[in-house]
Amino acid sequence: MFKLYTIIPGLKKVLRFFYQFIYSILLFNIGLGMFKLPRLNYKQMGILLAVLIISYFFRDICTRNIMLILPHLIMGIIIWFLVDKLHIRVMFIAFVIGYCIDGMNYISKGFKLKRMFDLPWGGAVLGITSIILGEHFDFKDLISLGTVLPMITIVIFLVTIYLEGMEEYISTAKHVTGAPLEQIVSVNSLLVLCLLFIIFAIILICDLMNVEEVLQGAGKAFLAILKIILIIAYAIFAFIMSFLFPNISRYSGGGRMAMDVAEEAGLITNILNFIIFSVFILFSVVAIYKLFRWLIAFLLTKNVRDNEISEEIHKEKKVEVTKEKIGYKESLIGNSPDLKARRIYKNKVRKYRFVFVPEKTSTAGDIKHLMQVSKTSYEKYFKTDNKEDDEEIKINNVNEITELYEKVRYGGIIPDKDYLNKMKELGKK
């Protein structure tokens with residue numbers, strides 16, 4: 001169970017990567033469609049994928065935004081000479097800039113991963129736009145991408161929501177003694193898997209039964225029914241008026257006209273096709289629901305032992321108190337001056353991550369001592385000059401930034417701009 005808890009952040013990062021890659025493909029293809037060009041070829045898609053992989057790699061190892069700009073600038077220069085057509089170059093550069101801004105936002109928020117959208121409306125909008133452009137310029141590939149890729153983004157979004165909820169639940173319930181976490185997670189996972197199976201079954205049936213033609217036929221049938229209703233209403237009105245005003249000739253062509261409208265629209269055939277399509281969808285959803293309900297019932301009841309005989313033994317009740325330490329998880333997201341100061345100090349400590357990692361119980365004094373005694377190893381990793389006359393200066397820098405941090409963290413001081421600039425200068429040394 002706790003192995004799952006430890007890999008959830010990695011799974012969320014992978015899902016967000018694919019989520020962003022699919023959005024990029026949709027946006028790029030829409031841009032090409034506006035230039036009346038076909039969809040991305042495999043070379044261009046490979047370039048886009050490589051740029052996103054490199055961006056995700058550097059955003060985790062860079063501690064400052066300025067350090068993240070350099071690899072993206074290099075990628076932009078390489079793409080400029082690698083791609084032939086000017087408008088495609090410009091589109092690639094725009095995506096490189098977008099990935100860089102997203103990475104800078106990730107670093108500034110304390111390396112905390114956030115979803116791209118709170119709701120998957122972006123995929124739906126891009127999908128509809130892609131389908132409209134594909135229909136207008138007769139690009140079948142663009143229509144297919146606009147149909148399939150938004151569905152994939154919705155699935156990824158649902159799985160991400162599930163992982164976030166599961167991570168929060170496990171983090172809260174792991175301190176409760178005797179909570180059946182493994183069974184609860186298994187049941188919840190089956191419920192999410194059932195929902196995904198239903199979605200994929202609907203997509204598969206829509207593809208096999210050519211849902212576009214079925215829906216177009218249903219639309220024609222609906223319009224034909226409206227026309228027939230209007231024809232019948234007019235015929236009834238004309239019949240009543242002929243009795244009230246004998247000079248008006250009777251209207252007798254309503255029945256023939258209604259049959260012509262029904263025949264022209266293929267009313268019966270289109271209605272039957274829509275009914276068959278709906279029955280297949282309903283049957284598939286019910287079948288998948290029944291299967292997973294049986295699996296969940298089996299999972300919940302497989303450990304029930306109704307045949308065992310139990311004997312109640314009375315004993316003196318004892319009051320026991322179990323103490324468990326609950327870790328405190330704080331966030332440094334925000335733009336207040338104290339949070340900025342704490343982020344500067346955190347980035348300073350992160351420079352030593354190849355040498356030591358502070359414990360959760362480490363104080364600022366403990367971390368200061370580790371930074372001082374780890375000076376030689378730090379210089380070895382970062383290839384700085386190990387001069388004896390610089391040792392006292394470097395130790396003083398560590399002492400000074402630690403003192404400034406402690407005044408903000410524990411002394412209640414609200415740092416101003418000069419205070420923060422001083423911390424930034426000390427953090428660079």
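**Exercise 1. Describe the overall make-up of the protein: how many helices and strands does the secondary structure hold, and what share of the residues is buried?**

Step 1. In this predicted model, the secondary structure of the protein consists of 15 helices and 0 strands.

Step 2. Turning to burial, 33% of the 429 residues of the protein count as buried, and the accessible surface amounts to about 28,300 Å², with 65% of that area belonging to carbon and sulfur atoms.

Step 3. For the contacts, consider those between residues at least 6 apart in sequence: 74% of them join residues that are at least 24 apart.

**Exercise 2. Find the residues at the centre of the largest nonpolar core, and state which helix gives the most to this core.**

Step 1. The largest nonpolar core has 43 residues, and those that touch the most other members are Phe28, Leu32, Leu48, Val51, Ile79 and Phe92.

Step 2. Helices α1, α2, α3 (65-82), α4, α5 (121-137), α6 (140-173) and α7 (181-208) each supply at least two residues of this core, and α1 gives the most, with 12 residues.

Step 3. Once its neighbours within four places in sequence are left aside, phenylalanine 28 is in contact with Leu40, Leu48, Ile88, Met91, Phe92 and Phe95.

Step 4. A second, separate core has 18 residues, among them Tyr352, Phe356, Ile401 and Leu420.

**Exercise 3. Classify two aromatic pairs: are the rings of tyrosine 19 and tyrosine 23, and those of phenylalanine 28 and phenylalanine 92, stacked, tilted or edge-to-face?**

Step 1. The whole structure holds 9 aromatic pairs. In one of them, the rings of tyrosine 19 and tyrosine 23 have centres 5.1 Å apart and planes at 45 degrees, and the pair is therefore tilted, given that planes under 30 degrees apart count as stacked and those over 60 as edge-to-face.

Step 2. Tyrosine 19 and tyrosine 23 are 4 residues apart in helix α1, so about one helical turn separates them, and both of these tyrosines are buried.

Step 3. For phenylalanine 28 and phenylalanine 92, the ring centres lie 4.8 Å apart and the planes stand at 55 degrees, so this pair is tilted as well.

Step 4. The phenylalanine pair links distant parts of the chain, since phenylalanine 28 belongs to helix α1 and phenylalanine 92 to helix α4, with their positions 64 residues apart. Phenylalanine 28 counts as buried at 0% relative accessibility, and phenylalanine 92 counts as buried at 1%.

Step 5. Ring pairs also extend this contact into a cluster made of Phe28, Phe92, Phe95 and Tyr99.

**Exercise 4. Compare three salt bridges: which parts of the chain does each one join, and are its partners buried or partly exposed?**

Step 1. The count comes to 5 salt bridges. In one of them the side chains of lysine 13 and aspartate 60 meet at 3.0 Å, N to O, and this pair links distant parts of the chain, with lysine 13 in helix α1 (residues 2-34) and aspartate 60 in helix α2 (residues 42-61), 47 residues apart.

Step 2. Both ends of that bridge fall between the limits for buried and exposed, namely 20% and 50%: lysine 13 is partly exposed with a relative accessible area of 28%, and aspartate 60 is partly exposed at 27%.

Step 3. The side chains of arginine 59 and aspartate 102 likewise meet in a salt bridge at 3.0 Å, N to O; arginine 59 lies in helix α2 and aspartate 102 in helix α4 (residues 86-108), 43 residues apart. Here both partners are buried.

Step 4. The bridge between glutamate 403 and lysine 407 has an N to O distance of 3.7 Å, and its partners both lie in helix α14 (residues 388-409), 4 residues apart, about one turn of the helix. Glutamate 403 is partly exposed at 42% relative accessibility, and lysine 407 is partly exposed at 34%.

Step 5. Finally, salt bridges that share partners join Arg16, Arg59 and Asp102 into one network.

**Exercise 5. Locate two arginines that sit over aromatic rings, and give the distance of each from the ring centre.**

Step 1. Arginine 59, the partner of aspartate 102 in a salt bridge, lies over the face of tyrosine 56 at 4.1 Å from the ring centre.

Step 2. The charged end of arginine 350 sits over the ring of phenylalanine 111, 4.2 Å from its centre.

Technical notes: Residues are numbered from 1 along each chain as its sequence is written. This is a predicted model: local features need pLDDT of at least 70, side-chain atom pairs count only at pLDDT 80 or more; totals for chains, interfaces and linings use all residues. Side-chain values use heavy atoms; hydrogens and water are left out. Buried means under 20% relative accessible area, exposed over 50%, partly exposed in between (1.4 Å probe, protein chains only). Contact means heavy atoms within 4.5 Å. Accessible areas come from the Shrake-Rupley method with a 1.4 Å probe; for residues, only the protein chains shown count as cover. A salt bridge is a side-chain nitrogen of Lys or Arg within 4 Å of a carboxyl oxygen of Asp or Glu. Rings of Phe, Tyr and Trp (its six-membered ring) pair if their centres lie within 6.5 Å; planes under 30 degrees apart count as stacked, over 60 as edge-to-face and the rest as tilted. A charge sits over a ring if NZ of Lys or CZ of Arg is within 6 Å of the ring centre and within 35 degrees of the ring normal. A nonpolar core is a set of buried Ala, Val, Leu, Ile, Met, Phe, Trp, Tyr and Cys residues joined through side-chain atoms within 4.5 Å.
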